[in-house]
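Biologist: Pick one part of this model and take me through it closely, please. Keep it informal, and tell me what your terms mean as you go.

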Amino acid sequence: MPDPYDKDVYPEPPRRTPAPSPQTSLPNPVTYLTKAFDLLVDRPVTLVRDFIERQHAKKRYYYYHREYRRVPDITECKEKDVLCMFEAEMQWRRDYLVDQQIVSIIQERLKACQQREGESYQQNCAKELDQFAQVAKAYQDRYNDLGAYYSARKCLAKQKQRMLAERKATKGAAAA
């Protein structure tokens, strides 16, 4: 570490302006305004924010984990109960979105397995293929051919038509 420089060898150049006096006859108003702002605005806001953050830290709430209560199916609603039908419709739409996500997740798993295994994916990814086939068939059975204006009523009507067709097929098979 070098020694401090010798002031006799390197003298400071003379100042052209007089040095400010630290004490003046009048107090500086900026100092008082800064202290007043700190006491009246900054500290209360900081205290309130710290209090709120401590309360939030006790119970974490993640907005994307919202849980909806299950509502009755549209078949359980009375004929003129509009609120029940609306809730059932919204529940059906949430179920529809969940089923779409399930299909896409299973499809991503299958694609990852195909990418990983290469040409021999059919024998090494048999479990994923079977799972995707089951999920895709269930999704197609439930939501295929609903059209652009899909709803819980259309899905229920489709389910009813499918059940009638299955009953007719079993009667035809039993008679033959």
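Modeller: First, the ruler: the expected span of a helix is 1.5 Å times one less than its number of residues. Helices here are DSSP runs (H or I, at least four residues) and strands are E runs of at least two, numbered from the N terminus. Keep in mind that this is a predicted model, where local features need pLDDT of at least 70, side-chain atom pairs count only at pLDDT 80 or more, and totals for chains, interfaces and linings use all residues. Numbering starts from 1 along each chain as its sequence is written, and side-chain values use heavy atoms, leaving out hydrogens and water.

The protein chain has five helices and zero strands, and I'll zoom in on α1. Helix α1 covers residues 29-58, 30 residues in total. From first C-alpha to last, α1 reaches 43 Å, close to the 44 Å expected.

At its N-terminal end, α1 is capped by N28, with a side-chain oxygen 3.3 Å from the backbone nitrogen of V30. That fits a polar contact: N or O atoms within 3.5 Å, where within protein one must be able to donate a hydrogen and the other to accept it, and sequence neighbours count only if both atoms are side-chain atoms.

Further along, α1 has a kink of about 40 degrees, centred on D38. The bend at a residue is the angle between axes fitted to the seven residues ending there and the seven starting there.

For scale, helix α2 (residues 82-117) has 36 residues and reaches 52 Å, close to the 52 Å expected. Just after α2, G118 takes a positive phi of about 75 degrees. Along the sequence, the whole pattern reads α-α-α-α-α.
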